[in-house]
Amino acid sequence: MKYQVNQNQCLFLLKNGCFVKTLYSGVYHFMKAFGYEAEIETMEGAVGFNKAPKEVLLEQDKTFAEKTLQVRIPEGHIGILKENGVAKRVLTEAEYLLWNVWGRYGVELLDMREPEAASRVDKACLAQIPLKYYKKIEVQPGELGILYYNNQVERELEPGAYYYWVYSKDVLCRIVDLKIRPLEISGQEILTADRIGVRVNLMCTYRVVDPRIMIETIKNLENQVYACVQLAIREFIGKYRLDELLEQKEEISQFIFKRLKKAEKDYCIEFCSAGIKDIILPGEIRDIMNTVLVAERKAQANVITRREEVASTRSLLNTAKLMDENKTLYKLKEMECLERICAQVGNIQVGGGALLEQLQSLVR
């Protein structure tokens, strides 16, 4: 039987099931009747011929050994196959036999036994490695990472990108946001000392100051801080009557802030601010308060009106006394009144001279 082997191929020859030799480019004739068997393979990638052990091929055929690359991956390592210096793929099996004819191959071994060693690996190589072999941790600005090996604290991570092998140890990172956080409590219903239900809107801000202890001792921080603020509001408002609360809105904010400052160590945080936004009254109480306010304003308006009337009357009395004591002033007042009358009259027609003479006498 005729076999033609191209330049990029090889022929594995067996006789009676046993490996004989490897042949390269050319034309060959073998008789199956004599027990010969041939298999042609392209010399690229991994050696696919499996009818003879790889050790037999390497020992019996020196040319085959020169044209191939034998790779052994030790325990706890991973291999990066490079072609002409460029990373191509990951090698994770214990042994490989690769054709090394047309492209010049090499293997870089990476030790995964030390988790932090992954940070020293070239990023182009890491891009070829499946994520099940390593973990990428990113800590953003304003955050802090707590690194754990096998659930034990290893160290703190500043903002940046980190890579860790997960072969020998379980790697976990808890990221804590250190920026100031707002917390708003809306529509908190509370009974005052006189049994009137009011709704309070409060705003506060806080930030984490001890992230490691917070992670180890506090679960669901935001919910616990929310409950703490609620209790502080109830503690203050429940002691006072409604009218007292409305007069002490600023004092409420100051008390709540001081109360929260005492509790901040229990939650590993620092309260930056706290204040009451609104105190919302029930509908019927609001209507009563509006009625009282309108009545108070009307009473104040009446008092001002009476005060002005008294002042006006007192001014008239003083003017009358002056005119009674001074005749010239009395005449000036008459002339002023006459001037006002004349200003409102366009023409004056009289039948006799008596009125004209009276006006002239007033002017003299």
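Okay, let's start with one cut-off: a residue counts as buried when its relative accessible area is under 20%. Keep that in mind for N201, because its relative accessible area is 13%, and that makes N201 buried. One caution before going on: what you have on screen is a predicted model.

So where is N201? It lies in strand 17. And which residues does N201 contact, once we set aside its neighbours within four places in sequence? There are I185, S186 and G187, and then G275, I276, K277, D278 and I280. Strand 16 runs over 181-191 and strand 18 over 269-280, so to speak the two stretches to look at on your screen.

Let me zoom out for a moment. The chain has 364 residues, and 31% of them count as buried. In terms of elements, you'll find ten helices and 18 strands. Take the contacts between residues at least 6 apart in sequence: 63% of those join residues at least 24 apart. As for the outside, the chain exposes about 23,300 Å², and 50% of that is supplied by carbon and sulfur atoms.

Now the inside. The largest nonpolar core holds 38 residues, and the members that touch the most others are L221, V229 and I233. Several elements each give at least two residues to this core, including strand 12 (143-149), strand 16, strand 17 (197-208), helix 7 (249-263) and strand 18. Which element gives the largest share? That's helix 5, with eight residues. You can find helix 5 at residues 221-237.

Let's stay with I233 a little. Not counting residues up to four places away in sequence, I233 touches I185, I190, V200, L202 and I256. You've met I185 already, as one of the contacts of N201. There's also a second, separate core, this one of 16 residues, and A117, A118, L126 and Y134 are among them.

On to the rings. How many aromatic pairs are there? The count is eleven. My first example is F12 with F49: the ring centres are 4.3 Å apart and the planes sit at 5°, so this pair is stacked. This pair also links distant parts of the chain, with the two positions 37 residues apart: F12 is in strand 2 (residues 9-15), while F49 is in the loop between strand 5 (36-42) and helix 1 (54-60). Both F12 and F49 are buried.

The second example is Y28 with F30. Here the centres are 6.4 Å apart and the planes are at 15°, so we call this pair stacked too. Why does that angle count as stacked? Because the cut-off for stacked is planes under 30 degrees apart. What about burial for these two? Y28 is partly exposed, at a relative accessible area of 22%, whereas F30 counts as buried at 14%. And the pair belongs to something bigger than itself: ring pairs link Y3, Y28, F30 and Y36 into a cluster.

One more ring before we move on. The charged end of K67 sits over the ring of Y24, at 5.2 Å from the ring centre.

Last topic, salt bridges. The structure holds eleven of them. In one, the side chains of E37 and K51 meet, at 2.6 Å from N to O. That pair links distant parts of the chain as well: E37 is in strand 5 and K51 is in the loop between strand 5 and helix 1, 14 residues apart. Are E37 and K51 buried or exposed? Something in between: E37 is partly exposed at 33% relative accessibility, and K51 is partly exposed at 43%. These two aren't on their own, either, since E37, E39 and K51 are linked in a network of salt bridges.

Two others to click on. D111 forms a salt bridge with R113, with the closest N and O atoms 2.9 Å apart. D111 is partly exposed at 30%, and R113 is partly exposed at 47%. Then K261 bridges to E264, where the closest N and O atoms are 3.5 Å apart. In that pair, K261 counts as partly exposed at 29% relative accessibility, but E264 counts as buried at 13%.

That's my tour, so over to you.

Terms used. Residues are numbered from 1 along each chain as its sequence is written. This is a predicted model: local features need pLDDT of at least 70, side-chain atom pairs count only at pLDDT 80 or more; totals for chains, interfaces and linings use all residues. Side-chain values use heavy atoms; hydrogens and water are left out. Rings of Phe, Tyr and Trp (its six-membered ring) pair if their centres lie within 6.5 Å; planes under 30 degrees apart count as stacked, over 60 as edge-to-face and the rest as tilted. Helices (H or I, at least four residues) and strands (E, at least two) are DSSP runs, numbered from the N terminus. Buried means under 20% relative accessible area, exposed over 50%, partly exposed in between (1.4 Å probe, protein chains only). A charge sits over a ring if NZ of Lys or CZ of Arg is within 6 Å of the ring centre and within 35 degrees of the ring normal. A salt bridge is a side-chain nitrogen of Lys or Arg within 4 Å of a carboxyl oxygen of Asp or Glu. Contact means heavy atoms within 4.5 Å. Accessible areas come from the Shrake-Rupley method with a 1.4 Å probe; for residues, only the protein chains shown count as cover. A nonpolar core is a set of buried Ala, Val, Leu, Ile, Met, Phe, Trp, Tyr and Cys residues joined through side-chain atoms within 4.5 Å.
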